[in-house]
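Here is a short set of exercises to work through with the model open beside you. Try each task before reading its solution.

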Amino acid sequence: MANVTVIGAQWGDEGKGKIVDWLASRADIVVRFQGGHNAGHTLVVGEQVYKLSLLPSGLVRGKTGVIGNGVVVDPEALLNEIGRVSAQGLDVSPATLRIAENCPLILPVHGAIDRAREEARGDRKIGTTGRGIGPAYEDKVARRAIRLCDLAEPETLDWKLDELLLHHNTLLAGLGAPTFEKADLLKHLTDLAPKLLPYMTEVSELLDENSRNGQRILFEGAQAVMLDVDHGTYPFVTSSNTVASNAGTGTGLGPRAAGFVLGIAKAYSTRVGEGPFPSELFDDTGRTLGERGHEFGTVTGRPRRCGWFDAMLVRRAVRVGGVDGLALTKLDVLDGLPEIKICVGYELDGKTVRHFPAAPAAQSRITPVYETMDGWTDTTHGARSWADLPAQAIKYVRRIEELVGAPVTLLSTSPERDDTILMRDPFQD
């Protein structure tokens with residue numbers, strides 16, 4: 001049986017939580033491989049609503065959850081999240097959750113520098129969550145990060161914090177923000193150590209052993225391809241690689257670890273925060289999509305910007321993300337619209353182009369080229385088979401497949417986990 005990797009194929013918030021939760025019933029282990037607590041998944045299970053940021057969604061299904069080395073972990077955020085979902089009845093313990101020993105930690109200083117820099121940008125804000133994810137990744141690359149394994153060697157923390165604060169306090173002072181005392185951070189980490197270390201393990205070895213024993217692994221991506229630090233709408237991106245090829249790097253497994261790659265895309269488009277959004281709608285239709293889709297960021301609470309499905313961006317995500325099949329979500333939000341548009345290209349400086357430019361200035365100049373289709377009057381809400389869908393809705397899905405160059409293998413028609421149409425089980429490949 002193949003492994004499966006789930007990634008977002010737009011700007012995040014595509015409904016990955018429900019899809020991962022649904023697929024977890026077929027998996028043995030669910031793994032996070034990048035990002036931090038700047039991403040969120042909402043899972044609706046009966047009357048319970050679980051909001052997860054760091055914890056792998058498979059824990060809701062009673063599966064083993066793993067946080068790989070590609071994730072940056074805020075210890076306090078993680079422990080708070082464990083406490084919250086444990087109060088909802090989930091079993092989250094060192095027996096069910098394992099964290100890579102080489103995970104970089106997000107410290108209070110990272111959030112402070114993140115917010116201070118964003119404030120200093122003024123009108124040129126990137127739209128970060130201010131939670132310290134970017135600065136934590138910077139420390140990892142600069143080789144000054146405090147990692148989970150360092151908590152097991154407290155004698156090394158003193159000089160490591162010296163190096164870290166030399167950099168960050170200098171920046172904070174230059175930005176006119178309060179600086180940090182080493183003693184405070186040292187106590188912070190020392191107090192956290194006994195709470196975190198029981199979860200620590202050598203994740204690469206754990207996953208390799210389980211894979212060799214025939215266990216099926218589900219890799220759970222955060223954010224989406226258009227927020228990838230290399231391939232997204234730079235600089236309005238996240239600080240990690242969100243593409244499926246990072247599943248191996250972010251867990252210590254080889255390049256074939258990803259298996260079948262399932263890209264998640266909404267039947268329309270949304271984006272939270274700043275950055276280009278060619279098919280964004282500023283009219284009543286945009287507001288209708290937002291209201292029907294309950295479009296608010298899981299982590300930020302910010303209203304999402306809404307627009308028509310951008311086939312060119314999803315086609316790019318299919319290519320650079322290595323997507324084998326699409327899971328199309330929230331089709332029911334389009335119910336009853338008299339007409340539906342799909343972005344099939346862009347106008348840039350008087351020319352029609354079918355790729356999204358890399359340069360921010362060019363990105364700001366593009367305008368969408370639309371193809372218009374008739375909507376449907378019958379509902380798709382709650383449909384659980386292809387035969388339940390209106391003919392025009394089927395036509396819309398088929399047109400998306402043609403434009404993005406990937407089959408729709410799974411269709412979601414409501415937030416409920418069972419309102420899902422499966423055309424192809426990724427775990428059977």
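**Exercise 1.** In which hand does α10 pass α12, and at what angle do the two pack?

*Solution.* Step one: the crossing of α10 with α12 is right-handed (the near helix is turned clockwise from the far one by less than a right angle). Step two: helix α10 (residues 311–321) packs against helix α12 (residues 391–404) at about 60°, with axes 8 Å apart (lines fitted to C-alpha atoms over the stretch in contact, angles 0 to 180 degrees between N-to-C directions; helices are DSSP H or I runs of at least four residues, strands E runs of at least two). Step three: α10 and α12 are therefore oblique (not under 35, over 145, or 65 to 115 degrees).

This is a predicted model: local features need pLDDT of at least 70 and side-chain atom pairs 80 or more, while totals for chains, interfaces and linings use all residues. Numbering starts from 1 along each chain as its sequence is written, and side-chain values use heavy atoms, without hydrogens or water.

**Exercise 2.** Which residues of α10 and α12 meet?

*Solution.* From α10 come Ala311, Met312, Val314, Arg315 and Val318; from α12, Glu402, Leu403 and Val404 (heavy atoms within 4.5 Å). Sorting the residues of this contact gives six nonpolar, no polar and two charged.

**Exercise 3.** Is Thr96 buried or exposed?

*Solution.* First locate Thr96: the loop between α2 (75–87) and β6 (97–100). Its relative accessibility is 14%, so Thr96 counts as buried (under 20%; exposed is over 50%). Beyond neighbours within four places in sequence, Thr96 contacts Leu59, Lys63, Thr64, Gly65 and Asp91.

Key. Buried means under 20% relative accessible area, exposed over 50%, partly exposed in between (1.4 Å probe, protein chains only). Ala, Val, Leu, Ile, Met, Phe, Trp, Tyr, Cys and Pro count as nonpolar, Asp, Glu, Lys and Arg as charged, and the others, Gly among them, as polar.
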